[in-house]
Amino acid sequence: MKAAAAAREAAKAAMTRATWGGDQNFLGARWVERLLDRSPACFKEDLALRLLSLSPHYFFSRDIRVEAERNRHSRTVLVDALVVPYLTPSARVLDYGCGPGYMAHATAKRVDHVDAVDVSAGVLACAKVLNGRPNITYLKPDELKRRPQVDLAYSYAVFQHLSHESLTRALRLIAGQIRPDGVFLLHFAVPGQQGWRTEAEWREDRSLAGRMKLRYGLNCFGRTVAEMEELIFRGGFTDITTRPLDGTITVPGDDDIVHQHLLTARRR
């Protein structure tokens, strides 16, 4: 049994590496998008779910259908609790780090249009299959500058996976897309909570496991409230407030978002 489990894990690690598209770009290999595009329509949904299961981001158990439903339900709950209070039916919205699009899909039911952005072309291809809607445009970050400005931008379960350099670059891009006085919602994790370490602590870990995790694994960086608020202020935002989410919302599957923090700001 142990040998079989080890073999499965080794095979999954090999496939994950084969789909890797670079720094934190899971499913970013060019063949992933091409495979989905060329597959018969009747196979696309199942293939998209199987591809998503190769990434460390989205699915926790081996039952991909159950995991897909968990994602759909949890993201709907998060949108209803944390995004809807800031929405109007005519709003344009930016979902930064949209992943497979479950949150964008829930938001799009409430607004005029959603621009959903992710670094991974393969994940965007999966999102188009699983969560396509006429009022969602799925984009890579470098395509965003050609889009109209939005009234609200949000980013959930994304910024804790970004290095300082990537985070700063993302903030510049997002700030440029939000109209003056538009709203920005940002979820993040703080150090020490649930074992989160800072980026500096991860980089100081010179063990083989630590270096491999930093290079090829899903980065998980905690940042203090003061650090995040300073970064957001430097990024061009004002009216910055931060609050812990712990005890304020309940999400199916004990999603770790509910134990972390939400920052709200306005574009200067």
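Two strands pair if DSSP finds at least two bridges between them. In this predicted model, strand S6 (residues 237-244) and strand S7 meet that condition, since six bridges join them and they run antiparallel.

**Strand S7 and its partners**

Strand S7 spans residues 261-267 and is mostly covered, with five of its seven residues buried. On the S6 side, Thr242 stands opposite Leu263 of S7. Strand S5 (residues 178-188) is also joined to S7 by six bridges, again in an antiparallel arrangement, and here Leu185 has Thr264 of S7 as its bridge partner. As background to such pairings, side chains in a regular strand alternate between the two faces of the sheet.

**Positive phi values**

Most residues other than glycine have a negative phi. Two residues that depart from this pattern are set out below, with their values and locations.

| Residue | Phi | Location | Relative accessibility |
|---|---|---|---|
| Ala157 | near 55° | loop between strand S4 (150-155) and helix H7 (164-177) | 23%, partly exposed |
| Asp239 | about 50° | strand S6 | 51%, exposed |

Asp239 therefore belongs to the exposed class, because its relative accessibility of 51% lies over the 50% cut-off, whereas Ala157, at 23%, counts as partly exposed.

**Aromatic rings and charges**

A pair of aromatic rings is described by the distance of the centres and the angle of the planes. The count for this model comes to three aromatic pairs. One of them is formed by Tyr154 and Tyr156, whose ring centres are 5.8 Å apart and whose planes stand at 55°, so the pair is tilted. Tyr154 is buried, with a relative accessible area of 0%, and Tyr156 is likewise buried, with a value of 6%; both assignments follow because buried means under 20% relative accessible area.

Charged side chains also lie over aromatic faces in this model. Arg197 lies over the face of Trp202, at 3.9 Å from the ring centre, and Arg268 lies over the face of Phe233, at 4.7 Å from the ring centre.

**A nonpolar surface patch**

Leu208, Met212 and Tyr216 together make a nonpolar surface patch of about 290 Å². Of these residues, Met212 lies in helix H9, which covers residues 208-216. Met212 is partly exposed, with a relative accessible area of 42%, and this value is compatible with its place in the patch because patches are made of residues with over 30% relative accessible area.

Notes. Residues are numbered from 1 along each chain as its sequence is written. This is a predicted model: local features need pLDDT of at least 70, side-chain atom pairs count only at pLDDT 80 or more; totals for chains, interfaces and linings use all residues. Side-chain values use heavy atoms; hydrogens and water are left out. Buried means under 20% relative accessible area, exposed over 50%, partly exposed in between (1.4 Å probe, protein chains only). Helices (H or I, at least four residues) and strands (E, at least two) are DSSP runs, numbered from the N terminus. Patches are made of residues with over 30% relative accessible area and no salt bridge: like charges are joined within 9 Å, nonpolar side chains (Val, Leu, Ile, Met, Phe, Trp, Tyr) within 5 Å. Accessible areas come from the Shrake-Rupley method with a 1.4 Å probe; for residues, only the protein chains shown count as cover. A salt bridge is a side-chain nitrogen of Lys or Arg within 4 Å of a carboxyl oxygen of Asp or Glu. Rings of Phe, Tyr and Trp (its six-membered ring) pair if their centres lie within 6.5 Å; planes under 30 degrees apart count as stacked, over 60 as edge-to-face and the rest as tilted. A charge sits over a ring if NZ of Lys or CZ of Arg is within 6 Å of the ring centre and within 35 degrees of the ring normal.
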